[in-house]
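Visitor: Could you take me through one part of this protein in close detail, and set it against the whole before you finish?

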Amino acid sequence: MYDCGTPLRFRAVPPSRTEFPAEAPAIGGRPEEINQPEVSVEIRLLGSLEVVSSSEERVEIGSAKQRELLALLAAHAPRVVSTDRLIDGLWGGEGDHRRSLRFHVSKLRDAIDPGRQEQVIATEPPGYRLNLDRASLDVQHFAALVAQAEELAGHDLAEASPLLEEALALWRGPAYAEFEYADWARGEVVRLEELRLVATEFSIDAELARGCHAELVPNLESLVVEHPLRGRFWHQLMVALYRSGRQPDALRAYRRACDAFAELGVVPSEDLERLETQILMRDPTLDAAMSESAVGNLPAPLSNFVGREAEVVKV
């Protein structure tokens, strides 16, 4: 029998270096045709910036400007970022900062590739490129895990669930936490956060399909407070409560959702209204774990959120 254990969102699973097929999409879109050697450094941006060596030792990047430079290069990896774009991102495009940029690039190389053996930061016209494989960048590792989970979910939710768990465990805090208000980072922060929420919705559907209804309720109660206009979380909470034998609480959750939506002058979706009717009527189809027909009600395909800006969430 499946052991529901701790809800996915709070599991502290150490990230693995999962191998992916070459065609798995990169975080910024389709993969580039660039040879990327194995290197001995990992850059983590799902939280505050961390640079970690292959021996799990922290690499110190002391200068704030150098930290932002590394994050900016990572946001576009493995593509070349032009000198002009880097200067605009770091200094707002005012003045001639080419000499300062070369200085900070040199200092970064000293910190993360002191022997210049791996060419982690490559000089390529018209600028610089971060020469790391996908697994060495947590933002790309996250997106690749989610894309692989989507491929599996259509025929095997059980296989997709561990990949989603691993992907969500990569998050240590807000994406690009130190730079989330920088102009160059805002779109990327929004996109990654939306992808994280969709992955969370997907993983909860997988857990509901396994019968982990009561175990999910506390997690879902927190999620609807954090994201009161995200209809999918309300839907999942109502289902989890009902399947836990808590029909009155499931109906109260619907009324709470309506109140949250009403504050912004919107109405619940038809799916949510239909679910309320099913709960009132004690529809027997709600009692069973998610069947194959219910897979069609999973969130929108996760690859839709890879490599593009997040769309407005419809209630």
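**A close look at helix α2**

Guide: The protein, seen here as a predicted model, has a secondary structure that comes to 10 helices and 5 strands. Of its 315 residues, 50% are buried, and its accessible surface comes to about 15,300 Å², with 50% of that area belonging to carbon and sulfur atoms. Among the contacts with a separation of 6 or more, 68% are accounted for by residues 24 or more positions apart.

Against that background, consider helix α2, which covers residues 83-91 and has T83, L86, I87, L90 and W91 as its buried residues. Seen down the axis of α2, these buried residues fall within an arc of 100°, and therefore they line one face of the helix. The cover over the buried residues of α2 includes two helices, α1 (64-76) and α3 (98-112), together with two strands, β3 (81-82) and β5 (127-130). Just after α2 comes G92, whose phi is positive, at about 75°.

For a single residue elsewhere in the chain, one may turn to H213, which lies in helix α7, a run of residues 213-226. H213 has a relative accessible area of 11%, and because this is under 20% it counts as buried. Once its neighbours within four places in sequence are left aside, the residues in contact with H213 are L208, A240, R243 and S244.

How values were computed. Residues are numbered from 1 along each chain as its sequence is written. This is a predicted model: local features need pLDDT of at least 70, side-chain atom pairs count only at pLDDT 80 or more; totals for chains, interfaces and linings use all residues. Side-chain values use heavy atoms; hydrogens and water are left out. Helices (H or I, at least four residues) and strands (E, at least two) are DSSP runs, numbered from the N terminus. Buried means under 20% relative accessible area, exposed over 50%, partly exposed in between (1.4 Å probe, protein chains only). Contact means heavy atoms within 4.5 Å. Accessible areas come from the Shrake-Rupley method with a 1.4 Å probe; for residues, only the protein chains shown count as cover. The arc is that of the directions from the helix axis to the C-beta atoms.
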